[in-house]
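Biologist: Please show me the model, and then we can go through the fold, the core and the interface.

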Amino acid sequence: MKKFTRLSMLLALSVALNVIEASLPLFNGYIPGLKLGLANIVTLFIIYQFSLKDAFYIGILRVFLVGILRTGLFSTTFFFSLGGVLLSIICMYLTKKFLKLSIVGVSIMGSIAHSTGQVLTSILLLQMSSMIYYLPWLLLFSIPTGILVGLICKQLIKFYDEVLSFE
Amino acid sequence: MNKNDIKLIVIVLMVIIILFSFSLFRKKANIANVYFENELLLEIDLSVDKTYEVDGENGKVVIEVLNNQIRVVEENSPYHLCSKQGFISKSGESIVCLPNKIIIELPNNELDTEVS
């Protein structure tokens with residue numbers, strides 16, 4: 001399969017994951033901004049299997065598509081996601097390159113960066129420094145969700161390599 | 001998962017504890033500011049128990065003050081996040097109703113800022 005086709009399929013997958021995750025009643029919950037971050041599986045996968053540039057393309061396109069489909073283009077939520085996604089891609093790439101962490105550790109870093117990015121964007125956008133008090137809550141949940149995403153991505157890479165060897 | 005991952009988790013947990021401890025030492029607020037988008041709608045005195053109504057994006061937002069605490073009682077939004085949030089009372093806390101574009105913020109007390 002051509003790289004372009006693969007990346008488009010991954011983009012579709014990440015949008016689908018985002019929409020599915022938003023419909024889970026558990027996470028429509030009590031802390032704004034709290035979610036599983038399943039779409040991060042795709043971002044993490046691209047950082048490991050493709051390149052940083054591709055991760056940026058797919059990440060930004062995903063935010064736009066989710067914006068059109070669900071949250072509304074250029075809404076406040078849209079910018080929160082954009083801030084979160086950009087910071088998490090940069091952070092995951094640097095972690096993978098410079099720190100001796102496994103894919104699970106990289107995923108946790110991405111999850112933390114996503115929460116921090118969201119909170120920073122909301123402080124800048126709403127001009128409210130008190131949003132910082134959401135951060136410890138979001139960080140607390142980003143550890144288990146980061147581990148989950150990392151473990152899924154690890155299996156995905158294993159599976160992907162096996163499938164590729166048959167091609 | 002390797003050893004470094006565990007180290008990372010421990011470091012993050014410590015940061016979380018430090019961040020939480022900051023919010024423990026916050027003082028009780030005595031006024032609340034209500035914003036629509038970025039425009040100040042109301043300045044509420046928290047020592048007076050009273051109910052207020054403001055116009056949000058999706059209609060009326062009912063705000064209640066009781067025993068120096070403030071909460072949103074009624075509002076029209078998909079998940080009712082801000083009415084589920086309940087009472088807040090400490091400086092720096094806020095209730096954000098994104099669908100209604102209403103923000104209730106408890107600023108730092110004027111007295112405190114003069115001292116510091």
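**Fold, core and interface**

Biologist: What share of the residues of chain A count as buried?
Modeller: This is a predicted model. A residue is buried if 20 or more other C-beta atoms lie within 10 Å of its own. Of the 167 residues of chain A, the share that counts as buried is 39%.

Biologist: Which radius of gyration does chain A have, and why does it agree with a compact globule?
Modeller: The C-alpha trace of chain A spans about 55 × 35 × 30 Å along its principal axes. A compact globule with 167 residues would have a radius of gyration near 15 Å, so chain A agrees, with a value of 15 Å.

Biologist: How many helices and strands does chain A have?
Modeller: From the N terminus the order of elements in chain A is α-α-α-α-α-α. The count is therefore six helices and zero strands.

Biologist: Which helix supplies the largest share of the largest nonpolar core?
Modeller: That core has 54 residues, and Leu44(A), Cys97(B) and Ile104(B) have the most contacts inside it. The largest share, nine residues, comes from residues 103-126 of chain A, helix α5. Beyond its neighbours within four places in sequence, Leu44(A) is in contact with residues including Val106(A), Ser107(A) and Gly110(A). The helix asked for is α5 of chain A.

Biologist: Which element supplies the largest share of the side of chain B that touches chain A?
Modeller: In the interface, 23 residues of chain B are in contact with 23 residues of chain A. On the chain B side, α1 (3-24), α2 (81-85), β6 (94-97) and β7 (102-105) each supply at least two residues. The largest share is ten residues, from α1(B).

Terms used:
Residues are numbered from 1 along each chain as its sequence is written. Chains are lettered from A and ligands numbered from 1 in the order in which they are written. This is a predicted model: local features need pLDDT of at least 70, side-chain atom pairs count only at pLDDT 80 or more; totals for chains, interfaces and linings use all residues. Helices (H or I, at least four residues) and strands (E, at least two) are DSSP runs, numbered from the N terminus. The radius of gyration is taken over C-alpha atoms; the globule rule is 2.2 Å times the number of residues to the power 0.38. A residue is buried if 20 or more other C-beta atoms lie within 10 Å of its own, exposed if 12 or fewer, and partly exposed in between; C-beta atoms are placed from the backbone. A nonpolar core is a set of buried Ala, Val, Leu, Ile, Met, Phe, Trp, Tyr and Cys residues joined through C-beta atoms within 7 Å. Two residues are in contact if their C-beta atoms, placed from the backbone, lie within 7 Å.
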